[in-house]
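Student: Could you take me through a close look at one part of this model, the charged pairs on its surface, and then show me what else is around?

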Amino acid sequence: SMTTSYFYKRSLTALMCWGAALPASVIFARFQAAAARTFDRIHTLMEDYALMIRGLPESATDPIEIQEFIERLLGSSIEGVSIAYDFRHVTEEVRTLLDEHLAARDTEFEAALGVPRDRFRAR
């Protein structure tokens with residue numbers, strides 16, 4: 001019948017589109033991976049080199065300040081500084097502070113969007 005023919009053609013069209021999209025997606029993914037490898041080979045990134053420094057004073061929390069200090073020590077420029085804090089002894093306090101921070105940002109975001117305050121609260 002006409003309805004069966006229509007659904008058959010729609011299904012066949014969808015299958016052909018999927019059949020074309022799948023290889024195109026795989027080819028594009030391979031292209032993106034090759035482009036990422038080329039970019040990484042050409043550019044120097046912080047992940048290419050690492051140096052762990054221990055014993056800095058607790059007040060040393062500014063990465064730019066630490067970078068300038070290290071550059072003066074080495075006599076050459078470095079790519080950057082990434083600070084990793086050992087907070088294992090205050091894990092719960094950090095989690096609580098993060099939760100409070102995220103709740104405050106959510107409230108600010110909802111206010112900026114004009115979402116009513118009690119819209120998502122349990123009734």
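Tutor: Here is a walk through the salt bridges, followed by a patch, a pocket and a loop. This is a predicted model, so local features need pLDDT of at least 70, side-chain atom pairs count only at pLDDT 80 or more, and totals for chains, interfaces and linings use all residues. Residues are numbered from 1 along each chain as its sequence is written, and side-chain values use heavy atoms, with hydrogens and water left out.

Let's start with the charges. Side chains of opposite charge can pair when their charged atoms come close. The rule used here asks for a side-chain nitrogen of Lys or Arg within 4 Å of a carboxyl oxygen of Asp or Glu, and it gives three salt bridges.

Take Arg-88 and Asp-86: their closest N and O atoms are 2.9 Å apart. Arg-88 is exposed, at 69% relative accessible area, while Asp-86 is partly exposed at 49%. For those words, buried means under 20% relative accessible area, exposed over 50%, and partly exposed in between (1.4 Å probe, protein chains only).

The other two bridges sit in helix α3, residues 91-113. Helices here are DSSP runs of H or I with at least four residues, strands are runs of E with at least two, and both are numbered from the N terminus. Glu-92 meets Arg-95 at 3.3 Å, N to O; these two are three residues apart, so about one helical turn separates them. Glu-92 is exposed at 53%, and Arg-95 is partly exposed at 49%. Further along, Glu-108 pairs with Arg-105, with 2.6 Å between the closest N and O atoms. That pair is also three residues apart, about one turn of the helix. Glu-108 is partly exposed at 46%, as is Arg-105 at 33%.

Now for the nonpolar side of the surface. Tyr-8, Leu-12, Leu-15, Met-16, Trp-18, Leu-22 and Val-26 make up a nonpolar patch with about 760 Å² of accessible area together. Patch members have over 30% relative accessible area and no salt bridge; nonpolar side chains (Val, Leu, Ile, Met, Phe, Trp, Tyr) are joined within 5 Å, like charges within 9 Å. The areas come from the Shrake-Rupley method with a 1.4 Å probe, and for residues only the protein chains shown count as cover. Val-26 belongs to helix α1, residues 2-42, and is partly exposed at 44%.

Next, the largest pocket holds about 1,000 Å³ of space. Its lining has 26 residues, and Ile-53, Leu-56, Ser-82, Ile-83 and Ala-84 are the closest to its centre. A pocket is an open set of points on a 1 Å grid where a 1.4 Å probe fits, with protein on both sides within 12 Å along at least five of seven lines; lining residues have an atom within 4 Å of a point.

Last, Leu-45 is in the loop between α1 and α2 (63-74), partly exposed at 26%. Its C-alpha atom is 7.1 Å from that of Glu-79, although the two are 34 residues apart along the chain.

Terms used: Points joined across faces, edges and corners; volume = space filled by probe spheres on them.
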